[in-house]
Amino acid sequence: MSESQHHGARLDFAGEMSYGDYLHLDAVLNAQHPLSPDHNEMLFIVQHQTSELWMKLMRHELGAAIRALAADELAPTFKMLARVSRIMEQLVHAWDVLATMTPPEYSAIRPYLKSSSGFQSWQYRCIEFMLGNKQAAMLKPHAHRPDLLAQVEAAWRAPSLYDEALRLLARRGLPVPDSHTTRDWTQPYPASEAVEAAWLQVYRDPTTHWDLYQLGEEFADLEDAFRLWRFRHLTTVSRIIGEKPGTGGTSGVGYLRRMLDVVLFPEIWRLRTSL
């Protein structure tokens with residue numbers, strides 16, 4: 001076959017970096033090691049590994065967004081948060097693939113999982129902490145890995161995305177109380193009528209506060225996508241294991257259902273009633 005039939009594409013990569021070299025595909029594609037003889041375990045492994053890759057990108061984007069907010073750089077923040085919302089859409093649709101696993105198929109591989117569970121994902125815990133859902137007890141599942149615990153604890157101790165947003169509002173002269181700009185960042189976020197009043201000033205005069213108004217709507221998009229991700233997790237688990245306890249010791253569907261009640265940016269939602 002002549003070179004012209006390949007449209008000029010390079011075919012010889014001896015001594016040069018190829019696509020597989022750049023992406024380290026040997027390591028990625030050889031990281032799947034089913035423990036059971038069941039055909040369907042490969043789906044379970046790939047589903048969770050790809051989700052962890054998307055979460056790695058989410059952590060990358062959220063960390064940069066938090067730093068950008070702290071530096072009063074809203075334009076890049078908007079791009080990063082929009083990207084995080086799109087990543088969550090990918091994670092939502094990933095549940096559609098796992099939902100093709102039937103209860104008997106999952107039952108065949110479940111004994112091989114032992115106590116391993118997505119509940120133990122340190123990246124997911126970092127994401128929750130970066131989004132403001134701070135719970136000190138959630139550090140414990142990572143205590144056996146000091147290297148990972150250090151990263152989770154750093155996210156727990158740092159201001160969340162929303163904390164940095166409220167500090168930004170205060171720097172812009174909006175009446176955010178000191179209790180919400182200098183608080184203990186390791187504590188769960190306490191909803192505040194004063195914070196809601198500050199956001200209401202933004203939403204009642206979006207022309208004057210256009211970038212802050214846009215930031216508030218990015219938060220609404222982000223939490224909307226996060227809720228869908230959690231909900232789709234719940235429905236997929238319910239479809240596959242019913243009301244059985246999770247492998248990690250949680251109540252399974254009951255635990256996931258309670259997580260749907262967690263609100264990350266409460267004033268962004270509450271202010272809509274007052275407008």
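## A walk through an all-helix model

Histidine 180 is found in the loop that connects α8 (161-171) with α9 (193-204). Helices here are DSSP runs of H or I with at least four residues, strands are runs of E with at least two, and both are numbered from the N terminus. Histidine 180 counts as buried because its relative accessible area is 6%; buried means under 20%, exposed means over 50%, and partly exposed is in between, using a 1.4 Å probe and protein chains only. Measuring from C-alpha to C-alpha would be a natural next step, and in the model histidine 180 and arginine 167 are 7.9 Å apart in space and 13 residues apart in sequence.

Before going on, a word about what you are looking at. This is a predicted model, where local features need pLDDT of at least 70, side-chain atom pairs count only at pLDDT 80 or more, and totals for chains, interfaces and linings use all residues. Residues are numbered from 1 along each chain as its sequence is written, and side-chain values use heavy atoms, with hydrogens and water left out.

**The whole chain**

How many helices and strands does the chain have? The secondary structure comes to twelve helices and zero strands, so reading from the N terminus you meet α-α-α-α-α-α-α-α-α-α-α-α.
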